[in-house]
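The exercises below are meant to be worked with the sequence and the model side by side. Try each task before reading its solution.

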Amino acid sequence: MTDPSMAGPLSGRRALVTGAARGIGAACAKALAGAGAAVHLADILTPDETARAITDAGGKALATRCDVADPQSIEALFAAQRDAFGGLDIAVTAAGILTEARVTETSVEAFDRIVAVNLRGTFLIAREAARLMTQDGPPAPGMGRIITISSELAHLGRADFSAYCATKAGVVGLTKSLARELAPGILVNSVAPGPVDTAMLSLEAMSPEWREKETDIPLKRVGTVQEIAATVRFLAGPEATFFTGQTISPNGGAAMA
Ligand SMILES: NC(=O)c1ccc[n+]([C@@H]2O[C@H](COP(=O)([O-])OP(=O)(O)OC[C@H]3O[C@@H](n4cnc5c(N)ncnc54)[C@H](O)[C@@H]3O)[C@@H](O)[C@H]2O)c1
């Protein structure tokens, strides 16, 4: 069995990934661990299965249940991070929810919940990450990395997804502002995927018309979680030292900047 924590471009680096129980977050956690990072997995569901897959492959993983919308839950998450890893080098905020409703049918409660998870949750993780990364003073240039997960829909907008799109556009604005504020020690970038085959998209449950709509993009297919994770791993790695405040979109050409 190989031991990824012994070698690889991220060896010695300590990562935290939210939304790591499944989908894009799980793929990001595996990709970072595969590159040698020790990874703390956080999710409102139990992320134990992803953690087991990482440790079975010889990597280092810790799993914690956490609701990113709840500041107390985040406090406990970062206490566990400090205890187990002693610090933090890379934070990836993949936890998110999607709701579909016409604006006329969207309640204040539904709007507030998606903002609390997608936008406030990203803010809280980024804030605590920045605090931990600077606990011993400003890190050397580029040593800290915060990678948010937004969406191509932040730029495109979409009928019946207004609350979701608003949160993801908020994540892009947050990313740019944090990039300016935390430079040069911490690089802050966003990955804005196009449609990706996960439980969130539930491609299998879609009608053929919707599936066709979803893949009516230049590359004629949805993305894989591995394709998104590869972008995150790049932004977390030693070759991405001149990126900050950027939003990179692996999206099959669905949106072009
Ligand atoms: N799948 C896509 O097409 C797509 C496209 C663009 C962006 N995204 C974004 O990628 C991210 C990951 O989505 P995915 O497609 O893997 O979906 P997913 O539903 O498979 O995974 C989301 C994960 O977030 C977790 N989560 C939800 N609420 C949480 C909370 N309050 N606290 C902690 N964890 C919570 C879920 O339990 C789940 O494990 C999301 O931010 C999503 O908005 C997805």
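In what follows, Ala, Val, Leu, Ile, Met, Phe, Trp, Tyr, Cys and Pro count as nonpolar, Asp, Glu, Lys and Arg as charged, and the others, Gly among them, as polar. The model is predicted, so local features are reported only at a pLDDT of at least 70 and side-chain atom pairs only at pLDDT 80 or more, while totals for chains, interfaces and linings use all residues. Residues are numbered from 1 along each chain as its sequence is written.

**Exercise 1. Confidence and overall form**

Find which element of the protein chain has the lowest mean pLDDT and which the highest, and then describe the chain as a whole.

Solution. Start with pLDDT, the predictor's confidence in each residue on a scale from 0 to 100. The protein chain averages 95, and 98% of the residues score at least 70. Next, take the elements, where helices (H or I, at least four residues) and strands (E, at least two) are DSSP runs numbered from the N terminus. Helix H7 (residues 208–214) has the lowest mean, 81, and strand S4 (residues 90–93) the highest, 99.

The protein chain holds eight helices and seven strands. Its radius of gyration, taken over C-alpha atoms, is 17 Å, close to the 18 Å that the globule rule (2.2 Å times the number of residues to the power 0.38) gives for 257 residues, so the chain is as compact as a globular protein of that length. Along the principal axes, the C-alpha atoms fill a box of roughly 50 × 40 × 35 Å.

**Exercise 2. The sheet**

Work out the order of the strands in the sheet, and establish which strands are at its edges.

Solution. Strands of a sheet pair through backbone hydrogen bonds, either parallel or antiparallel. Here two strands are taken to pair if DSSP finds at least two bridges between them. The result is an open sheet of seven strands in the order S3-S2-S1-S4-S5-S6-S7, with parallel pairing. Strand S3 (60–65) and strand S7 (247–248) are the edge strands, each pairing on one side only.

Now go through some of the pairs. S1 (residues 14–18) and S2 (residues 38–43) are joined by five bridges, with alanine 15 opposite valine 39. On the S4 side, S1 has four bridges, and leucine 16 has alanine 91 as its bridge partner. Six bridges join S2 to S3, where alanine 61 is the partner of valine 39. S6 and S7 share two bridges, and valine 191 is matched with isoleucine 248 in S7.

Finally, follow the connections, calling a crossover right-handed if, with the strands pointing away from the viewer, the path from the first strand over the helix to the second runs clockwise. S1, helix H1 (residues 23–34) and S2 form a right-handed β-α-β unit, and S2, helix H2 (residues 48–56) and S3 form a right-handed unit as well.

**Exercise 3. Burial**

Are the residues of S1 buried or exposed, on each of the two faces?

Solution. A residue is buried if 20 or more other C-beta atoms, placed from the backbone, lie within 10 Å of its own, exposed if 12 or fewer, and partly exposed in between. Arg14, Leu16 and Thr18 point one way from S1 and Ala15 and Val17 the other way, and all are buried. In S2, Ala38, His40 and Ala42 on one side and Val39, Leu41 and Asp43 on the other are likewise all buried. Serine 190, in strand S6, has 28 C-beta neighbours inside 10 Å and therefore counts as buried. Over the 257 residues of the protein chain, 46% are buried.

**Exercise 4. Backbone geometry in the loops**

Locate the cis peptide bond and find where aspartate 160 and lysine 220 lie.

Solution. The cis bond joins alanine 183 and proline 184, with omega about 0°; proline 184 is in the loop between helix H6 (162–182) and strand S6 (186–191). Aspartate 160, in the loop between helix H5 (153–156) and H6, has a positive phi of about 75° although it is not a glycine, and with 14 other C-beta atoms within 10 Å it is partly exposed. Lysine 220, in the loop between H7 and helix H8 (225–236), has a positive phi near 60° and counts as exposed, with 10 C-beta neighbours inside 10 Å.

**Exercise 5. The ligand shell**

Which residues come nearest to the ligand, and how is its shell made up by class?

Solution. A residue is near the ligand if its C-beta atom, placed from the backbone, lies within 6 Å of it. Of the 29 residues around the ligand, Gly19, Gly23, Gly96, Thr198 and Met200 come nearest. By class, the shell has 19 nonpolar, seven polar and three charged residues. H1 supplies the largest share, three residues.
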